[in-house]
Amino acid sequence: MPKVWAAVLLVVSLLPQPAWAITLEQVPNPRRQYGGWVSDTANVLSSSTENELNRLITQLEHRTSAEMAVVTVPNTQGYATPKDFTTQLFNYWGIGKAGQNNGVLFLISVGDRRVEIETGRGLVAILPDSRVQQIIDQQILPRFRNGDFDGGTLAGVRQLTSVLQGQPVANVPAAASGVTTSTIATSSGAVAQGIDSSLVEGILLLLGIIILGVGWQRSRLPVYLKAERGTRRAIPLTRRTQEAATLSSLLEAAALSSLQSNPIRLFLYSGSLCLGLFLMSASGNWLVLTLPLLAAVVTDGTLCQKQGIPFQPVVCQSCGRPMRPIQAQVLDTCLSPGDRLAKSRGRASYYGWFCPSCQGAAVVVRENAFYRHLYCPRCQALTLDSPHRFSGKPPIPLAA
């Protein structure tokens with residue numbers, strides 16, 4: 001158990017955690033990733049907005065050689081101020097041409113509700129702090145206040161690129177510029193929605209890893225089967241023998257009490273669903289939801305085709321050593337006539353296990369759900385045509 005939780009915590013620590021503090025190294029550099037200028041870590045910009053921003057900034061670089069990066073982050077926790085984070089990221093990436101120091105970093109911290117614009121020393125004459133604040137107050141914040149991150153970011157970048165190309169700062173009506181601080185004030189809840197979505201993604205990721213970890217741990221529990229020489233009895237995996245009258249039958253039922261295949265399947269599919277929902281939320285593409293579920297179906301189906309007890313190791317109850325699966329061709333010799341008849345009619349699937357130490361075999365049967373109640377009380381095989389329990393009338397067996 002400690003090893004499982006240690007592995008879970010290690011995996012969680014290595015994966016990106018959008019709902020918590022972010023470091024400089026965790027912010028993707030768009031120039032290295034895809035040759036662009038936008039890194040939307042907080043996931044508040046649409047793809048069309050990112051394309052337009054990349055076009056505007058690329059045009060700016062071709063005309064003036066100045067560089068501009070647009071970054072959104074969930075928060076700047078762990079740093080003194082959002083301004084400190086922006087300055088460190090600006091220097092860490094080295095925005096601007098070498099020797100010219102003509103870079104601009106436009107940063108939006110959703111959790112801190114702040115907009116920061118960092119400029120290189122080579123652009124101070126063109127973009128002094130007063131002009132930058134004017135652009136923030138008149139072009140960016142009015143739109144952010146209405147929850148329009150796309151519109152506010154586009155308006156701010158358009159104005160910044162225009163000024164850097166020698167055009168004057170555009171004025172907006174006074175009614176739209178009533179904000180005089182770089183704090184993002186929004187009444188629509190868009191900021192909270194962005195934070196909530198990141199929190200949900202983190203919870204889904206953590207929950208999926210925990211569920212799969214617990215399922216993996218339970219899959220390591222062995223199933224004990226009693227190996228007998230010349231056995232002709234098939235042990236049901238899903239049917240509980242309530243009529244067990246002998247001590248050996250009771251012990252046999254107890255031996256199967258550790259069988260956890262169905263709960264393990266529940267862990268497998270539940271954990272895969274959580275991971276699929278996380279990937280869908282993070283990528284915005286619902287098709288990725290099917291990938292973890294498809295992997296779970298393939299894993300489950302592959303193991304079930306090979307052996308009747310998937311996931312778990314099978315151990316001999318007598319000697320405690322691992323048992324080996326019996327080939328399907330050899331298994332027929334270990335079945336009773338009634339079980340062979342049930343198998344030929346598709347009533348159930350039979351699986352055999354052989355103990356090399358005891359030189360004995362154990363046969364288990366996984367019933368078809370439709371025929372699960374058609375066991376014959378005489379031969380204990382799935383050979384009845386009707387679930388009628390006989391009281392004065394004999395049961396109706398299948399014709400041989």
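User: Which residue in strand 10 does Ala348 stand opposite?
Analyst: This is a predicted model, where local features need pLDDT of at least 70, side-chain atom pairs count only at pLDDT 80 or more, and totals for chains, interfaces and linings use all residues. Residues are numbered from 1 along each chain as its sequence is written, and side-chain values use heavy atoms, with hydrogens and water left out. Strands here are DSSP runs of E with at least two residues, helices are runs of H or I with at least four, and both are numbered from the N terminus. Across from Ala348, in strand 10, sits Glu367.

User: How many bridges pair strand 9 and strand 10?
Analyst: Two strands pair if DSSP finds at least two bridges between them. Strand 9 and strand 10 (residues 360-367) run in the antiparallel sense, and their bridge count is 8.

User: Which residue in that hairpin of strand 9 and strand 10 takes a positive phi?
Analyst: The hairpin has 4 residues between the strands. The positive phi, near 55 degrees, belongs to Gln359.

User: Is strand 9 mostly covered or mostly open, and how many of its residues are buried?
Analyst: Buried means under 20% relative accessible area, exposed over 50%, and partly exposed in between (1.4 Å probe, protein chains only). Strand 9 covers residues 348-355 and is mostly covered. Of its 8 residues, the buried ones number 6.

User: Which residue of strand 8 stands opposite Trp353 in strand 9?
Analyst: Strand 8 (residues 324-325) runs antiparallel to strand 9, with 2 bridges joining them. Facing Trp353 is Pro325.
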